[in-house]
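Got the viewer open? Let's take a walk through the enclosed spaces inside this protein, one selection after another.

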Amino acid sequence: MAKAADVSVSTAARVLRKSGYPVDIKLKEKVDAAAKSLGYVPNLVARRLRGGKQGVVGLVIGDMLDAHYGMIAETVTQRAETAHSTFAMVCNMQRDPLLEIKYLRKLLEYRVDGIILAGGGFDQWTHHEALAETVEELKRAGTIITSLMPRNIEVPVFSADNEAIGLTKAQFIVENGHTKIGILLGPARNQMTKLRMQAMTSHLSGCSVDYAIANIESTPEAGALGAAEMLTRNPDFTALICGSDAIAFGAINHLRAEGIDIPGRISVMGLGNTRLATLCTPALTTVEMNFDQAGRAALDFIASHDPSAAHAPGEVIPHSLVLRESFSRLDGVVPQDMAPFGARENAQS
């Protein structure tokens with residue numbers, strides 16, 4: 001390259017690395033022209049091996065077709081580009097824990113600067129030892145690992161408090177008078193679902209609430225089947241608490257197809273406040289998980305390049321109830337905060 005541009009090796013290197021070192025504009029133009037004619041592309045892996053940063057992060061998501069993973073991917077890729085001049089490499093693990101581990105090993109080969117674990121809301125236990133070993137190998141290689149959910153591995157976690165979420169949903173149920181409910185949660189073999197379920201059932205049991213639980217996949221199709229199962233097991237339940245908006249979306253579609261009034265006969269509550277929550281008819285009462293805030297926080301942590309923060313605990317992301325039309329009190333009255341804007345305006349007039 002230096003020979004083709006008729007400059008010294010050090011000058012060519014400074015231009016190609018975009019180091020900011022002052023180089024005469026004419027020499028810079030010669031190097032750029034030579035690089036273009038020779039088809040030069042910087043070897044980022046070699047730069048990383050020399051102790052530099054590639055400006056590349058890996059993002060492993062659980063299921064590209066799931067709305068909440070799409071929210072995370074959109075947030076991380078946008079912030080990587082706009083705030084950190086970083087390239088985010090998105091890997092879709094397709095709900096397969098072995099594929100997650102395979103992608104982590106591939107990202108290790110590429111020597112990415114950091115990785116955000118945003119999948120694994122499925123079976124987290126069967127292959128946990130292999131996951132933990134892979135994460136430790138990545139950390140030894142200098143890769144910063146973060147997670148957007150608890151995984152029982154020693155990495156910073158940027159997530160809402162899952163026990164608090166379970167308690168929030170249970171308290172909401174009790175406050176609105178429901179004593180017979182169905183609970184459709186995601187797969188049982190993960191820490192996130194376990195924490196939510198324990199907090200929820202502990203509170204409900206203390207309030208003499210009769211409940212039935214089913215662990216299903218976090219998909220609309222599974223939600224429809226789960227709602228049908230709940231109708232068979234406990235036909236007089238009045239509220240259905242779902243472990244994701246996707247589950248709730250499918251459940252609502254099934255219940256309405258059966259001619260069941262929502263929320264008049266059965267109230268439904270989701271989790272995540274994804275786009276599906278507003279696509280439901282009626283619009284879905286849910287819990288805002290702030291997935292975008294979690295993704296930004298994890299990426300900013302990686303971009304900070306602070307070695308002293310390697311053992312930081314991460315950050316607790318706030319959550320909140322989002323009240324819409326799919327939920328009412330047991331007496332059928334929709335609380336004021338849940339009433340549609342038009343209904344409130346008519347009541348005031």
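Start by selecting α6, residues 97-109: this helix supplies the largest share of the lining of the second largest cavity, 3 residues. Keep in mind that you're looking at a predicted model. Now add α7 (128-140), the other element that gives two or more residues to that lining.

Next, show the whole lining as sticks: P97, E100, I101, D123, Q124, H127, H128, L131 and R151. The space they surround comes to about 50 Å³. Colour these residues by type and you get an even split, with 3 nonpolar, 3 polar and 3 charged.

How many cavities of 30 Å³ or more are there? The count is 2, so let's go to the other one.

For the largest cavity, centre your view on H68, M192, R196, G243 and F291, which lie nearest its centre among the 38 lining residues. About 440 Å³ of space sits in here.

Now bring up the elements that each give two or more residues to this lining: α5 (67-84), β5 (157-160), α8 (162-175), α9 (191-206), α11 (245-257) and α13 (291-303). Which of them gives the most? Select α9: with 5 residues, this helix is the top contributor to the lining of the largest cavity.

Last stop: colour the lining of the largest cavity by type as well. Here you'll find 22 nonpolar residues, 12 polar and 4 charged.

How values were computed
Residues numbered from 1 in each chain as written. Predicted model: local features only at pLDDT ≥ 70, side-chain atom pairs only at ≥ 80, totals over all residues. Heavy atoms only, no water. 1 Å grid on protein atoms, 1.4 Å probe; cavity = no way out; pocket = protein on both sides within 12 Å on 5 of 7 lines; lining within 4 Å. Points joined across faces, edges and corners; volume = space filled by probe spheres on them. Helix = DSSP H or I, 4+ residues; strand = E, 2+ residues; numbered from the N terminus. Nonpolar A, V, L, I, M, F, W, Y, C, P; charged D, E, K, R; others polar.
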